[in-house]
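These are my notebook entries on one structure. I record in them what I looked up and what I found.

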Amino acid sequence: MGFAEGAWGMDMLRATGVTLCVALSGFAAGAVFGCLSAAASFSSLRALRILADGYTTILRGIPDLLVIYLFYFGSSAVLSQLGVLFGSEGFISAPVFLTGALAIGVVSGAYQAEVYRGAVLALSKGEIEAARAYGMPNHLLFRRIILPQATRFAIPGVGNVWQLVLKESALISVVGLIELMRQAQIAAGSTRKPFTFFLTAAVLYLLISFVSGVVFRIAEKRAMRGIRRAL
């Protein structure tokens, strides 16, 4: 481990950057899926409520690794079939970063949907009813009352989901993406020093997790300004 010629330090740092990119991409995609699912769960249309409930139930019930396999090999199968139509033969691999980030996004979206739904349910019904009695339009009600308070309640749960996404990013190594976990495996196999490189990977994951925790605690503290805490 080091940064001299032939050392693995720079490779480990680059792999850490890939881990961060795939985790942030998956988390952002999950935020979109989660918001849409949470909104559908409050819809007046029964079909949308059933769809949202099915999404969260199925994705939270299937192992994350299996979801990654389904996305990668399913996408590759579709690309291979399209390749046959255009005269290409053989297996066409799907982009591992894109499919991996999308798989993580779909899974994390199921968890984020429950966080957002719980945050909305935690709002005081009296405030919403008072705003409607005052004649406040729905878009203004959402922007001034629902969104600020739901965000405040959702931050701790979203922080937990982010930690899960960060750990789930290691699973993408099974489809060939060279992120932190995969790079540690390659280095361990080449040097025959598995403990050194896996310990280094653990420290890097913990460092990212620690910094993320600090950021979310600061965000939660800022969101709770002016609010009297129970403890």
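**Entry 1. Arg117**

I began with a single residue, in a model that is predicted. I found that Arg117 counts as partly exposed, because its relative accessibility is 30%, and a residue is partly exposed when the value lies between 20% and 50%. I then looked up its place and noted that Arg117 belongs to helix H4. I also looked up a distance from this residue. The C-alpha atoms of Arg117 and Arg143 are separated by 16 Å, and these two residues are 26 residues apart along the chain.

**Entry 2. The chain as a whole**

I next turned to the overall picture. How many helices and how many strands does the protein chain have? I counted eight helices and zero strands. Reading along the sequence, I wrote the pattern down as α-α-α-α-α-α-α-α. For the extent of the chain, I noted that the C-alpha trace spans about 70 × 50 × 25 Å along its principal axes. The protein chain has 231 residues, and 36% of them count as buried.

**Entry 3. Helix H1 and its partners**

I looked up how H1 lies against three other helices, beginning with H4. The axes of H1 and H4 are 5 Å apart, and the two helices pack at an angle of about 45°. H1 and H4 are therefore oblique to each other, since an angle that is neither under 35 degrees, nor over 145, nor from 65 to 115 counts as oblique. I recorded the crossing of H1 past H4 as right-handed. I also listed the contact of H1 with H4 by class: 16 nonpolar residues, 10 polar and one charged.

For H1 and H6, I found axes that come within 9 Å and cross at roughly 135°. This angle makes H1 oblique to H6. The crossing of H1 and H6 is right-handed.

For H1 and H8, the axes come within 11 Å, and the crossing angle is roughly 45°. H1 is therefore oblique to H8. I noted that H1 passes H8 in a right-handed crossing.

**Entry 4. Gly30 in H1**

I stayed with H1 and chose one of its residues, Gly30. Is Gly30 buried or exposed? I found it buried, because its relative accessible area is 0% and the cut-off for a buried residue is under 20%. I then took a distance from Gly30 to Ile178. Their C-alpha atoms are separated by 22 Å, and the two residues are 148 residues apart along the chain.

**Entry 5. The largest pocket**

I looked up the largest pocket and wrote down a volume of about 750 Å³. Which of its 24 lining residues are the closest to its centre? I listed Phe42, Val120, Phe142, Ile146 and Ala150. The elements that give two or more residues to this lining are H1 (9-41), H4 (96-121), H5 (125-133) and H6 (138-168). The largest share comes from H6, with 10 residues. By class, I recorded 19 nonpolar residues in the lining, two polar and three charged.

**Entry 6. Thr191 and Arg192**

I ended with two residues further along the sequence. Where is Thr191 placed? I found Thr191 in helix H7. Thr191 counts as partly exposed, because its relative accessibility is 27%. I noted that Thr191 and Trp8 are 183 residues apart along the chain, while their C-alpha atoms are separated by 9.8 Å.

Arg192 is found in the loop between helix H7 (180-191) and helix H8 (194-223). Its relative accessibility is 75%, so Arg192 counts as exposed, the cut-off being over 50%. I also looked up the backbone of this residue. Phi of Arg192 is near 60°, which is a positive value in a residue other than glycine.

Note on methods:
Residues are numbered from 1 along each chain as its sequence is written. This is a predicted model: local features need pLDDT of at least 70, side-chain atom pairs count only at pLDDT 80 or more; totals for chains, interfaces and linings use all residues. Side-chain values use heavy atoms; hydrogens and water are left out. On a 1 Å grid over the protein atoms alone, a cavity is a set of points where a 1.4 Å probe fits but cannot get out, and a pocket is an open set with protein on both sides within 12 Å along at least five of seven lines; lining residues have an atom within 4 Å of a point. Grid points are joined across faces, edges and corners, and a volume is the space filled by probe spheres set on the points. Helices (H or I, at least four residues) and strands (E, at least two) are DSSP runs, numbered from the N terminus. Ala, Val, Leu, Ile, Met, Phe, Trp, Tyr, Cys and Pro count as nonpolar, Asp, Glu, Lys and Arg as charged, and the others, Gly among them, as polar. Axes are lines fitted to C-alpha atoms, for helices over the stretch in contact, and angles run from 0 to 180 degrees between N-to-C directions. A crossing is left-handed if the near helix is turned anticlockwise from the far one by less than a right angle, and right-handed if clockwise. Buried means under 20% relative accessible area, exposed over 50%, partly exposed in between (1.4 Å probe, protein chains only).
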